[in-house]
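Got your viewer open and a selection box ready? Here is a short walk through the model, one stop at a time.

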Amino acid sequence: MFRVVIPARHASARLPGKVLRPIAGKPMVQWVYESAQRSGASEVLIATDDELIVSAARSFGAEAVLTARSHASGSDRIA
């Protein structure tokens, strides 16, 4: 049994809002979430620094938690 935590930062330096950019009609984070669900994980959670991502995640049925914007990396956001 394992869990998946997907770090999703909105304020990316190279492409802000990247995780919400649509790919074939869905935000990128939804594709990642759906793939993680198929992995057999007992829980899939999105950890993010922005309410827009929380709202988007909830709109497609994902659980999302708001983390600090000050996290330096995805690993810090997951911890």
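Start with the rings. This is a predicted model, and the count of aromatic pairs in it comes to 1. Select Tyr 33 and Phe 60: their ring centres sit 5.6 Å apart with the planes at 55 degrees, so the pair is tilted. For the angle, recall that planes under 30 degrees apart would be stacked and those over 60 edge-to-face. The pair links distant parts of the chain, with Tyr 33 in helix H1 and Phe 60 in the loop between H2 and E5, 27 residues apart. Are these two residues buried or exposed? Both Tyr 33 and Phe 60 are buried.

Stay with Tyr 33 and widen the selection to helix H1, residues 28-37. Colour the buried residues here: Val 29, Gln 30, Tyr 33, Glu 34 and Ala 36. Now look down the axis of H1: these buried residues fall within an arc of 160 degrees, so they line one face of the helix. The general rule behind such a pattern is that an α-helix has 3.6 residues a turn, so residues three or four places apart point the same way. What covers the buried residues of H1? Among the elements that do so are strand E1 (3-8), strand E3 (26-27) and strand E4 (43-48).

Next, show the sheet. It is open, has 3 strands in the order E1-E4-E5, and its pairing is parallel. E1 and strand E5 (63-66) stand at the edges with a single partner strand each, so one side of each has no neighbour in the sheet. Ignoring direction, neighbouring strands of this sheet are turned by 25 degrees against each other on average.

Now pick E4, where 5 of the 6 residues are buried. On the E1 side, the two strands pair in the parallel sense over 6 bridges; click Ile 6 and you'll find Ile 46 in E4 as its bridge partner. On the E5 side, 4 bridges join E4 to E5, again running parallel. Two positions to label there: Ala 47 stands opposite Val 65 in E5, and Thr 48 stands opposite Leu 66 in E5.

Keep the sheet on screen and add helix H2, residues 51-59. H2 lies across E1, E4 and E5, and runs at about 165 degrees to E5.

Between E4 and H2, stop in the loop and select Asp 50. Its relative accessible area is 10%, so Asp 50 is buried, the cut-off being under 20%. Which residues does Asp 50 touch, leaving out those up to four places away in sequence? They are His 10, Leu 66 and Arg 69. Draw a distance between the side chains of Asp 50 and Arg 69 and you'll see a polar contact of 3.4 Å.

For the last stop, jump to Arg 3 in strand E1. With 62% relative accessibility, Arg 3 counts as exposed. Not counting residues up to four places away in sequence, Arg 3 touches Ala 41, Ser 42 and Glu 43. Zoom in on Glu 43: a polar contact of 2.8 Å joins its side chain to that of Arg 3. Finally, measure across to Leu 45, which is 42 residues from Arg 3 along the chain: the two C-alpha atoms are separated by 8.0 Å.

Definitions and conventions
Residues are numbered from 1 along each chain as its sequence is written. This is a predicted model: local features need pLDDT of at least 70, side-chain atom pairs count only at pLDDT 80 or more; totals for chains, interfaces and linings use all residues. Side-chain values use heavy atoms; hydrogens and water are left out. Buried means under 20% relative accessible area, exposed over 50%, partly exposed in between (1.4 Å probe, protein chains only). The arc is that of the directions from the helix axis to the C-beta atoms. Contact means heavy atoms within 4.5 Å. Two strands pair if DSSP finds at least two bridges between them. Axes are lines fitted to C-alpha atoms, for helices over the stretch in contact, and angles run from 0 to 180 degrees between N-to-C directions. A polar contact is a pair of N or O atoms within 3.5 Å; within protein, one must be able to donate a hydrogen and the other to accept it, and residues adjacent in sequence count only if both atoms are side-chain atoms. Rings of Phe, Tyr and Trp (its six-membered ring) pair if their centres lie within 6.5 Å; planes under 30 degrees apart count as stacked, over 60 as edge-to-face and the rest as tilted.
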